[in-house]
Amino acid sequence: MASLIAAVVAVTAAEADFRYPYDVRTSPPQGWTTGLKQVLLIRADFSDLSSTLSLAATVSGMEKVRQKYVAMSYGLTDMNVTVSPVYILPNTASYYAKAGWEVLANAMVAAASADYPLDADGGVYDRIGFQYPPPPKAAGNILSGGIAMCGNKWFWIPGGGGGSTIFQVIHAEHEIGHTYGSGHDGYWRVTDGDPISPYGKAHETGNPYTIMGGGGPIKGDFTAKAKEQFGWAQSQLVITSGTYRLYRIDHPQTVGTPKGLKVPIPGEAPGVYYWLEMRRNFTTNSYEQNGLNILKAYDEFRIGTCLLDLNTPGSSLADAALQLPQTFSDGKGVTIRATDKGGVAPEEWMEVEITVP
Ligand SMILES: [Zn+2]
């Protein structure tokens with residue numbers, strides 16, 4: 001399954017440092033992640049390079065993104081998307097590729113400001129996207145793939161490239177996810193067979209079940225941690241030993257709650273948890289269908305979570321899920337045992353017996 005990991009990492013590997021050029025905001029203003037968002041997607045070509053995407057492909061692609069956000073948020077957010085005509089910028093692809101994100105953003109804002117109420121602070125818009133033709137790869141290039149400012153307005157997505165006429169929905173879903181405030185969903189990479197090995201390392205991306213890790217645009221979703229941060233779904237804090245029920249995190253109609261459980265990790269700072277979440281969109285993955293995922297919170301934005309690989313750690317994330325009946329023990333006093341599952345879509349649930357020190 002190394003190829004799976006490689007494939008999902010490839011989705012985001014080209015992404016530049018999303019803290020540049022604008023500030024990240026780990027605590028965006030209230031209401032940043034809920035309600036109707038005014039989204040302007042500015043399309044621009046370079047003087048010697050054009051996007052291979054049509055207006056129609058971009059408009060229908062962004063409509064899929066909008067619908068996905070409505071679904072993932074249980075209707076708590078929506079987007080009013082405006083897609084601009086194409087502006088031709090004065091300089092060449094190689095110029096912008098080396099000049100970087102901020103220069104490109106300034107040029108695109110300047111071009112579009114004649115037609116839209118827009119300035120360098122974003123004007124009336126809640127999110128501003130820049131769709132640009134990806135320059136040919138060359139030494140010294142800064143522009144590559146997508147980028148976004150965590151918890152801020154701005155995101156960049158490539159418009160076609162290599163002759164492609166297909167709008168990459170996952171690019172827009174993922175970058176807009178950063179603007180809502182999510183970091184990446186990675187995994188805890190180990191080589192000694194211990195899923196929480198202290199010798200392991202946080203790999204920045206690679207959770208194949210989330211749009212911020214490398215999961216696909218249809219089945220992928222946010223984590224329970226992100227949905228709680230966004231105010232979309234509550235998780236339950238576990239501070240006493242007992243049996244707890246949780247409902248799936250990845251269906252827009254699920255009413256049952258909580259949709260996540262969070263267990264403080266002994267010895268870590270307050271607020272650092274094991275996050276338990278269950279998914280049922282991956283219907284051909286028997287481990288996902290019969291289990292729940294345990295993620296370790298990592299930091300607040302760059303790597304939001306690390307998926308623990310509880311079966312064959314180090315070789316495959318397809319079997320990462322804690323199985324029914326299986327016990328995870330962290331050696332520090334926390335044990336988590338899957339004891340039951342039930343319900344029919346969209347109200348599937350699992351029960352876990354959790355002991356805390
Ligand atoms: Zn990213």
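**Exercise 1. How the chain folds back on itself**

Task: Among contacts in the protein chain between residues at least 6 apart in sequence, find what percentage join residues at least 24 apart.

Solution. Step 1: Set aside the contacts between residues that are less than 6 apart in sequence, since the count covers those at least 6 apart. Step 2: Among the contacts that remain, 69% link residues at least 24 apart. Keep in mind as you work that this is a predicted model.

**Exercise 2. The overall build**

Task: Work out how many helices and strands the protein chain has, and whether its radius of gyration is close to or far from what the globule rule gives.

Solution. Step 1: Go through the secondary structure, and you arrive at seven helices and 17 strands. Step 2: Turn to the radius of gyration, which is 21 Å. For 357 residues the globule rule also gives 21 Å, so the chain is as compact as a globular protein of that length. Step 3: For the outline, take the principal axes; along them the C-alpha atoms fill a box of roughly 65 × 40 × 35 Å. Step 4: Finally, look at burial: 47% of the 357 residues count as buried.

**Exercise 3. Two domains side by side**

Task: Say which residues belong to each domain, and describe the side of domain 1 that touches domain 2.

Solution. Step 1: Divide the chain into domain 1, residues 2-180, and domain 2, residues 184-355. Step 2: Take the centre of each domain over its C-alpha atoms; the two centres are 29 Å apart. Step 3: Look at the contacts between them, where 23 residues of domain 1 meet 22 residues of domain 2. Step 4: Ask which helices help to build the domain 1 side: α1 (2-13), α2 (55-72) and α5 (169-180) each supply at least two residues. Step 5: Sort the residues on that side by character, and you get 14 nonpolar, seven polar and two charged.

**Exercise 4. A strand with neighbours**

Task: Decide whether strand β5 is largely enclosed or open, and find the strands it is joined to.

Solution. Step 1: Use the cut-off for burial, which is 20 or more other C-beta atoms within 10 Å of the residue's own. Step 2: Apply it to residues 154-158: five of the five residues of β5 are buried, so the strand is largely enclosed by the rest of the structure. Step 3: Recall a rule for strands: in a regular one, side chains alternate between the two faces of the sheet. Step 4: Now check both faces of β5. Trp-154, Trp-156 and Pro-158 are buried on one side, with Phe-155 and Ile-157 buried on the other. Step 5: Look for partners. Strand β3 (residues 127-132) runs parallel to β5 and is joined to it by five bridges; here Gln-131 has Ile-157 as its bridge partner. Strand β4 (residues 147-148) runs antiparallel to β5, with two bridges, and Ile-147 stands opposite Trp-156. Step 6: Follow the chain through the hairpin of β4 and β5. Five residues lie between the strands, and Gly-151 takes a positive phi near 70°.

**Exercise 5. An open sheet**

Task: Give the order of the strands in the four-stranded open sheet and name its edge strands.

Solution. Step 1: Read across the sheet to find the order β9-β17-β16-β15, with antiparallel pairing. Step 2: Look for strands that pair on one side only; these are the edge strands, β9 (242-247) and β15 (327-329). Step 3: Compare directions, ignoring which way each strand runs: neighbours are turned by 25° against each other on average. Step 4: Zoom in on one pair. Strands β16 (residues 335-342) and β17 (residues 349-355) are antiparallel over seven bridges, and Ala-338 faces Val-352 in β17.

**Exercise 6. Special spots in the backbone**

Task: Locate the cis peptide bonds before Pro-258 and Pro-325, then look at phi of Tyr-74 and Thr-312.

Solution. Step 1: The bond from Thr-257 to Pro-258 is cis, with omega near 5°; Pro-258 lies in the loop between β9 and β10 (261-264). Step 2: The bond from Leu-324 to Pro-325 is cis too, with omega near -5°, and Pro-325 sits in the loop between β14 (322-323) and β15. Step 3: Tyr-74 has a positive phi near 60° although it is not glycine. Tyr-74 belongs to the loop between α2 and β2 (77-88) and is partly exposed, with 16 other C-beta atoms within 10 Å. Step 4: Thr-312 has a positive phi near 45°. Thr-312 is in the loop between β13 (303-307) and β14, and is partly exposed with 14 other C-beta atoms within 10 Å.

Conventions:
Residues are numbered from 1 along each chain as its sequence is written. This is a predicted model: local features need pLDDT of at least 70, side-chain atom pairs count only at pLDDT 80 or more; totals for chains, interfaces and linings use all residues. Two strands pair if DSSP finds at least two bridges between them. Axes are lines fitted to C-alpha atoms, for helices over the stretch in contact, and angles run from 0 to 180 degrees between N-to-C directions. The radius of gyration is taken over C-alpha atoms; the globule rule is 2.2 Å times the number of residues to the power 0.38. A residue is buried if 20 or more other C-beta atoms lie within 10 Å of its own, exposed if 12 or fewer, and partly exposed in between; C-beta atoms are placed from the backbone. Two residues are in contact if their C-beta atoms, placed from the backbone, lie within 7 Å. Domain bounds come from an automatic or database domain assignment. Ala, Val, Leu, Ile, Met, Phe, Trp, Tyr, Cys and Pro count as nonpolar, Asp, Glu, Lys and Arg as charged, and the others, Gly among them, as polar.
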